[in-house]
Amino acid sequence: MAAVPGLTGGFKFTPDDDEVIELYLVPSLRRQPTALAGILIDADPLSAPPWKLFSNNGLDDDVKEAYFLAPGDATKNRKVRVCANAGTWVTQKLEKSGEVRIDGETFAWQKHRLNFHYGKAKSGSMGWVMHEYSVVAAPQDCASLKICHISFTGHGQKRKRTPNGSDCDGAANSPRRRLLPRQALRMILLKCTTMRRLPGPMKSLCRRRHTSLRIQ
């Protein structure tokens with residue numbers, strides 16, 4: 001099992017939504033200690049694409065997820081958020097919202113799900129997912145912060161951990177053309193050389209085969 005910052009090896013950090021808010025986000029807003037010191041990485045997910053964000057904070061390739069404490073800003077209401085000129089985080093949906101009351105104060109919060117697209121917006125999800133927890137109504141003396149749970153999943157139109165990774169690429173996910181042995185292809189092309197003497201439908205068939213087949 002991959003090591004998780006702030007945890008002893010062999011333990012997995014899997015808090016539910018209420019625990020993220022009550023034990024980590026609200027104490028951070030109040031500038032108080034959290035339940036587990038070191039479990040939140042102080043870094044802005046918009047400062048670097050996710051694979052660089054992980055490596056910049058000492059997370060190896062075998063680490064699939066991490067929690068980041070990031071500044072709250074005006075981008076929380078934007079569907080598309082530019083990430084260090086390398087790609088965009090695209091909001092998929094508001095997954096959950098609620099309120100918690102702690103020490104006589106009420107905190108209204110939201111949880112959004114975003115996918116990372118390399119390059120231009122909506123170019124295809126790479127498999128990086130961010131769940132963003134933010135407080136939308138808090139006492140005035142609280143800091144402006146949010147918690148971002150970023151993970152590399154097995155889902156995505158263009159799934160790969162890095163742009164040059166081999167998990168998948170555009171070609172691997174595109175519909176595959178039928179591959180034929182060289183000899184079979186040569187026989188088809190040889191027959192197509194006599195197209196002038198073929199009926200119209202046969203000419204069209206030969207043209208389609210000639211342009212759509214690839215040599216294996």
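This passage describes the first helix, two nonpolar cores and three exposed loop residues of a predicted model.

Helix α1 spans residues 17-29. Within this helix, Asp17, Val20, Ile21 and Tyr24 are buried, as are Leu25, Val26, Pro27, Ser28 and Leu29. The buried residues of α1 pack against several strands, namely β1 (40-42), β2 (65-71), β4 (87-102), β5 (105-118), β6 (125-137) and β7 (145-152). At the start of the helix, a side-chain oxygen of Asp16 comes to within 3.2 Å of the backbone nitrogen of Asp18.

Just after α1, the backbone of Arg31 adopts a positive phi of about 60°, although this residue is not a glycine. Arg31 belongs to the loop between α1 and β1. The relative accessible area of Arg31 is 60%, so the residue counts as exposed, the cut-off being over 50%. A positive phi is also found at Asp103, where the angle is about 55° and the residue is again not a glycine. Asp103 sits in the loop between β4 and β5. With a relative accessible area of 69%, Asp103 is likewise exposed.

In soluble globular proteins, nonpolar side chains tend to be buried together. In this model, the largest nonpolar core comprises 21 residues. The residues with the most contacts inside this core are Phe54, Leu59, Phe68, Trp89, Phe116, Trp128 and Ile150. Two or more residues of the core come from each of α2 (50-56), β2, β5, β6 and β7. A second core, separate from the largest one, has 19 residues, among them Phe13, Tyr24, Ile39 and Phe107. Tyr24 is also one of the buried residues of helix α1.

The surroundings of Phe116 can be listed in detail. When neighbours within four places in sequence are left aside, Phe116 is in contact with Pro49, Pro50 and Trp51, and with Cys83, Ala86, Gly87, Thr88 and Trp89. Its remaining contacts are with Gly124, Ser125, Met126 and Trp128. Of these partners, Trp89 and Trp128 are named, like Phe116, among the residues with the most contacts inside the largest core.

Met126, a contact of Phe116, can also be placed relative to Gly154. These two residues are 28 positions apart in sequence, and their C-alpha atoms are 9.4 Å apart in space. Gly154 lies in the loop between β7 and α3 (170-173). The relative accessibility of Gly154 is 56%, and the residue therefore counts as exposed.

Methods:
Residues numbered from 1 in each chain as written. Predicted model: local features only at pLDDT ≥ 70, side-chain atom pairs only at ≥ 80, totals over all residues. Heavy atoms only, no water. Buried < 20%, exposed > 50% of the residue type's maximum accessible area, 1.4 Å probe, protein only. Helix = DSSP H or I, 4+ residues; strand = E, 2+ residues; numbered from the N terminus. Contact = heavy atoms within 4.5 Å. Polar contact = N/O pair within 3.5 Å; in protein donor to acceptor, adjacent residues only side chain to side chain. Core = buried A, V, L, I, M, F, W, Y, C linked by side-chain atoms within 4.5 Å.
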